[in-house]
Amino acid sequence: MDASSLKPQRRFSLSGRKPRKAVIVDPAGTRTVLSGVNRPYFRDAYHYFISASWPLVLLLIALTFMTANTLFALCYLVDGGIQNARPGSFSDMLFFSIQTMATIGYGVMAPRSAVANVVVSIEAFTGLMGLAMVTGLIFAKFSRPTARVRFSKFAVVSTHNGTPCLMFRMANERTNRIVEAEVHVVLFRLERTTEGDRFRRLHDLGLLRYHHAFFAFSWTAIHPIDDRSPLKGATRESLMAEQAFITVSVTGLDDTVSQTVHARHTYGVDDILWGARFVDILETTAEGHSIIDYSRFDDVAESPDA
C-alpha cells in the first residue's frame, strides 16, 4: 500500500467533548503545546491536589466550602423553613448552612418545614463525606515524604585528576541520612538523524560514584568527559544550538521515616561554567574537628588550567 493513499482518520469522543490542548514546560523552560489530548478535569483531581502548593490547596478548600454553603443557603432562602431566621435574610441562611455542615448546631435556628429538613439531611451527609475526603487528602499531602537536597547553583567543567570533568555539588539540608542514595544524570539535547529528522535524545552521563551508602553532608558528583562521554568535544555554543540541558535526580531511603525520597534539579547551558572550579567548603579546626561552610556552597573560582 502506498503511504500517500493513507488518509487521516477522524477521531470521535464518546463523551462528545472535543480534545483539549495542554501546555507542558520542560526543565529547560521550553513550552510545548500538546494538541488533541483527552484530559478530564476530575479524573486526576487527587494527583493535582497532592502536587499543588499548600496556599493553593487551602484556597481551593475554602472556595469549595463557601460555594457549597452558598448553594444550600439559597435552598433554605427559597423555602423559608428555618425557625428564628429573619425572613429573606441570606446571611442567616448562610450561617445556618455553615453550622449544619460543620455539625455545630447552636440551637438558635432550626428547620421547621419538610423541605428544610430534607435539605438539612442532604447537607449533613455532604458535610460528612466532605470532611472525610478533606481529612484524607490533607493527611496524604502532609505525610508525603520529601527530600531537602540542595544543589549547587552552577555546574562546572574543569580538570580532575588530569581529565576534563563535569562537576556539581549536592548537600543534604536535614540532619538525618539518606540511605543507599543514588544519582542519575541525563543529558537532553536535540539531534538530527541521517534522514534529516530532529528529535530529542537522552544520554546518560556516567559518574565516578553514583551510589552513596549514606548521604548525610555534601556530595560532589563528577562525570569524566572522556572518549565515551556524550559531552566529548561539546562547547557552550554547541550545547546552546542543541537546546541542551542536564537533569539530575537523587533517590534514596530516608532513615527517619523509612520511605523513599527523591529530589531533582536541572542545569541549563547558562548554568554550566567552563574553566571554573568549586571553592572548598571543608575546614579542619586545631582540635581536629571538621567544619562544612555551606555559605560558600555555590562559590566558584577560576580553574588553574583554564
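The legends below walk through several close-up views of a predicted model.

**Figure 1. The whole protein, before we zoom in.**
This predicted model contains 5 helices and 18 strands. Of its 306 residues, 31% count as buried. Its accessible surface comes to about 20000 Å², and carbon and sulfur atoms account for 59% of that area. Take the contacts between residues at least 6 apart in sequence: 61% of them join residues at least 24 apart. Keep that in mind as you look at the views that follow.

**Figure 2. The largest nonpolar core and the strands that build it.**
Here you are looking at a core of 30 residues. Which of them touch the most other members? They are Leu-166, Phe-168, Met-170, Val-183 and Ile-246. Strands S5 (149-151), S6 (155-160), S7 (163-172), S8 (178-192), S11 (218-224), S12 (245-254) and S13 (259-268) are the elements that each give two or more residues to this core. Strand S8 gives the most, with 5 residues.

**Figure 3. A closer look at Met-170 and its neighbours.**
Met-170 is one of the core members with the most partners in the core. Setting aside residues up to four places away in sequence, find what Met-170 touches: the list includes Val-149, Arg-150 and Phe-151. Further along the chain, Met-170 also touches Val-183, Phe-215, Phe-217, Ser-218, Trp-219 and Ala-221. Val-250 and Phe-297 are among its contacts too.

**Figure 4. Helix H3 under its cover.**
Helix H3 runs from residue 90 to 101 and has 12 residues. From its first C-alpha to its last it reaches 16 Å, close to the 16 Å expected at 1.5 Å a residue. Is this helix mostly covered or mostly uncovered? It is mostly covered, with 9 of its 12 residues buried. Among the buried ones are Asp-92, Met-93, Leu-94, Phe-96 and Ile-98. Their cover includes helix H2, strand S3 (82-83), strand S4 (110-111) and helix H4 (114-142). Just after H3, look for Thr-103, which takes a positive phi of about 55°.

**Figure 5. A nonpolar patch on the surface.**
Now we move to the outside of the protein. Tyr-48, Leu-56, Leu-59, Leu-60 and Leu-63 make a nonpolar surface patch of about 440 Å². Which element supplies the largest share of this patch? Helix H2 (residues 54-79) does, with 4 residues. Leu-59 is a good residue to find here: it sits in helix H2 and is partly exposed, with a relative accessible area of 47%.

**Figure 6. A salt bridge between distant parts of the chain.**
The structure holds 11 salt bridges, and this view centres on one of them. Arg-189 pairs with Glu-242, their closest N and O atoms being 3.9 Å apart. Arg-189 belongs to strand S8, while Glu-242 lies in the loop between helix H5 (236-241) and S12, so the pair ties together parts that are 53 residues apart in sequence. The two partners also differ in cover: Arg-189 counts as buried at 12% relative accessibility, whereas Glu-242 is partly exposed at 23%.

**Figure 7. Two more salt bridges, and a network.**
Arg-228 and Asp-226 meet through their side chains in a salt bridge of 3.7 Å, N to O. Arg-228 counts as exposed at 75% relative accessibility, while Asp-226 is partly exposed at 25%. Asp-227 forms a salt bridge with Lys-232, with the closest N and O atoms 3.8 Å apart. Asp-227 counts as exposed at 68% and Lys-232 as partly exposed at 49%. Elsewhere, salt bridges that share partners join Arg-189, Glu-191, Arg-201 and Glu-242 into one network.

**Figure 8. Leu-207, a buried residue in a loop.**
Where does Leu-207 lie? Find it in the loop between strand S9 (198-204) and strand S10 (211-215). Why does Leu-207 count as buried? Its relative accessible area is 15%, and buried means under 20%. Leaving aside neighbours within four places in sequence, Leu-207 is in contact with Val-183, Val-185, Ala-221, Ile-222 and His-223. The C-alpha atoms of Leu-207 and His-184 are separated by 8.5 Å, and these two residues are 23 residues apart along the chain.

Terms used. Residues numbered from 1 in each chain as written. Predicted model: local features only at pLDDT ≥ 70, side-chain atom pairs only at ≥ 80, totals over all residues. Heavy atoms only, no water. Core = buried A, V, L, I, M, F, W, Y, C linked by side-chain atoms within 4.5 Å. Buried < 20%, exposed > 50% of the residue type's maximum accessible area, 1.4 Å probe, protein only. Contact = heavy atoms within 4.5 Å. Patch = residues over 30% accessible without salt bridge, like charges linked within 9 Å, V, L, I, M, F, W, Y side chains within 5 Å. Areas by Shrake-Rupley, 256 points an atom, 1.4 Å probe, with all protein chains shown as cover. Salt bridge = Lys/Arg side-chain N within 4 Å of Asp/Glu carboxyl O. Expected span 1.5 Å × (residues − 1).
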